[in-house]
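Biologist: I'm new to this structure and would love a guided close look at one part of it. Could you take the cysteines, and then show me how some helices pack?

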Amino acid sequence: MTTLHEPVVTATPAELSVWPASTTEPRPGALTVGGVPLAEVADRFGTPVYVLDENEVRERCRTYRHAFPDAEVLYAAKAFLCRAMVHWTAEEGLGLDVCSAGELELAVTTGFPPERIVLHGNAKSPHDLETALRLGVGRIVIDSPSEIARLAAAVGPGGHQKVMVRVVPGISAGGHEKIRTGTDDQKFGLSIADGYAQHAIARILDQPQLELTGLHCHLGSQITSVKPYLAALRRLVGLMARLHEQHGLNLPELDLGGGHGIAYRPGEQALDLTALARRVRTELSDACAAAGLPVPRLVIEPGRAIVGPAGIAVYRVLAVKRTGEHTFVAVDGGMSDNPRPALYGVRYAPRLIGRASAAPTAPVTVVGRHCEAGDVLAADVELPSDLRPGDLLAVPVAGAYHLSMASGYNLVGRPPVAAVRDGHARLLVRRESLEDIRRRDVGL
């Protein structure tokens, strides 16, 4: 019980800066998102649980449409996809980019118009291409020379398919070396520098059933500066100018990909979307004017920046262990529902919810339940020193690359996804059960 001499810790506006805009704390510890107390969500759906603020997702879709009114905005489905997410993006006027037949089938069977979908992938399977052609996907991004003949054969002599070419502009950008994709030393795209992009484009132009609509590039993820996008744009317009000289080609589209950086902890830098839109629009107009080219329609592909800040992961504390100078707080999830700290060293800012605490904070490391020393969700974070088993911890900015990268490690089952809006919570994706896991295991 708290007294007048024990100030209860409440969230400051700065601490809530990375939480959904609807986040409030009507009383100490009672953190509420979308009008729903997170502790109630945990009690109703169990933990771990992903919570998604529907209005935050929709507002971020609208922000992109307003910032880029003349561009085509495609939501990058790899960040997070479920039928509700497909529905929200469709209603908000965005297109989709997908990376597999699975993502494509889910979107189209939910009712998303296939002509507003773009298929990516550095190694598309025959099933991926067959599904794309069968469902009438809008554009297919060619990523390697071998795809050209395979795709042309699949389309057939009487068919027609719009395609783009993913080119590598030779620009290093991104928050971690594993998510930098704009350089020549990784698996994606065709290099401008060595001529492979130009050669592939010439081959595409020899296939009458393939219509080349534009160039595509993706520099990486968690980019917080506008400059790499401007540099990439200049190199892509330079390539477009050479294609015009060689083939008389005026490409109507230019796709700059996504990778727009967001803040995971208070005080971290995020990409300035308004500045990006303004400077890209000016740079594109100026570069095309200098090259004597018509200005193509811009395409962008935000994923994390739309859904990441709208999500929260809620865990229940299972154990608190003090070892020497270290305190480990173990929760009922971990790297099976969020592998990103182990993969990229991502740092989060978890918060105690569900009760008030007057205890001083102390540095702890929040760890998962899995049999790996690297199963760490948040290292050296300040949390109340009276944490105990049964407490709830909420981790903000958990909407992107959590469920989509979740695994079956230790057969604990993937968490459910609940949406909150206007004081109501509903289940979007149910928890993976032991029965689900058993049904896939068909042999002895």
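Modeller: A residue counts as exposed when its relative accessible area is over 50%, and as partly exposed when the value lies between 20% and that mark. With a relative accessible area of 65%, Cys371 is therefore exposed. Cys99 reaches 31%, so Cys99 is partly exposed. Please keep in mind that this is a predicted model.

How many disulfides does the structure hold? The count is zero. For Cys99, the closest cysteine sulfur belongs to Cys217 and lies 15 Å away, which is too far for a bond, because a disulfide needs two cysteine sulfur atoms within 2.5 Å.

Now for the helices. Helix 4 (residues 101-109) packs against helix 5 (residues 126-135) at an angle of about 25°, and their axes are 9 Å apart. Helix 4 is therefore roughly parallel to helix 5, and the crossing is left-handed. On the helix 4 side, Ala101, Leu104, Glu105 and Val108 make the contact; they meet His127, Asp128, Thr131, Ala132, Arg134 and Leu135 of helix 5. Sorted by class, these residues are five nonpolar, two polar and three charged.

A second pair to look at is helix 2 (residues 54-67) and helix 9 (residues 273-291), whose axes cross at roughly 30° and come within 10 Å. That angle makes helix 2 roughly parallel to helix 9, and their crossing is right-handed. Here Thr63, Tyr64 and Ala67 from helix 2 meet Leu273, Ala277 and Arg281 from helix 9. This contact has four nonpolar residues, one polar and one charged.

Methods. Residues are numbered from 1 along each chain as its sequence is written. This is a predicted model: local features need pLDDT of at least 70, side-chain atom pairs count only at pLDDT 80 or more; totals for chains, interfaces and linings use all residues. Side-chain values use heavy atoms; hydrogens and water are left out. Axes are lines fitted to C-alpha atoms, for helices over the stretch in contact, and angles run from 0 to 180 degrees between N-to-C directions. Helices (H or I, at least four residues) and strands (E, at least two) are DSSP runs, numbered from the N terminus. Angles under 35 degrees count as roughly parallel, over 145 as roughly antiparallel, 65 to 115 as roughly perpendicular and the rest as oblique. A crossing is left-handed if the near helix is turned anticlockwise from the far one by less than a right angle, and right-handed if clockwise. Contact means heavy atoms within 4.5 Å. Ala, Val, Leu, Ile, Met, Phe, Trp, Tyr, Cys and Pro count as nonpolar, Asp, Glu, Lys and Arg as charged, and the others, Gly among them, as polar. Buried means under 20% relative accessible area, exposed over 50%, partly exposed in between (1.4 Å probe, protein chains only).
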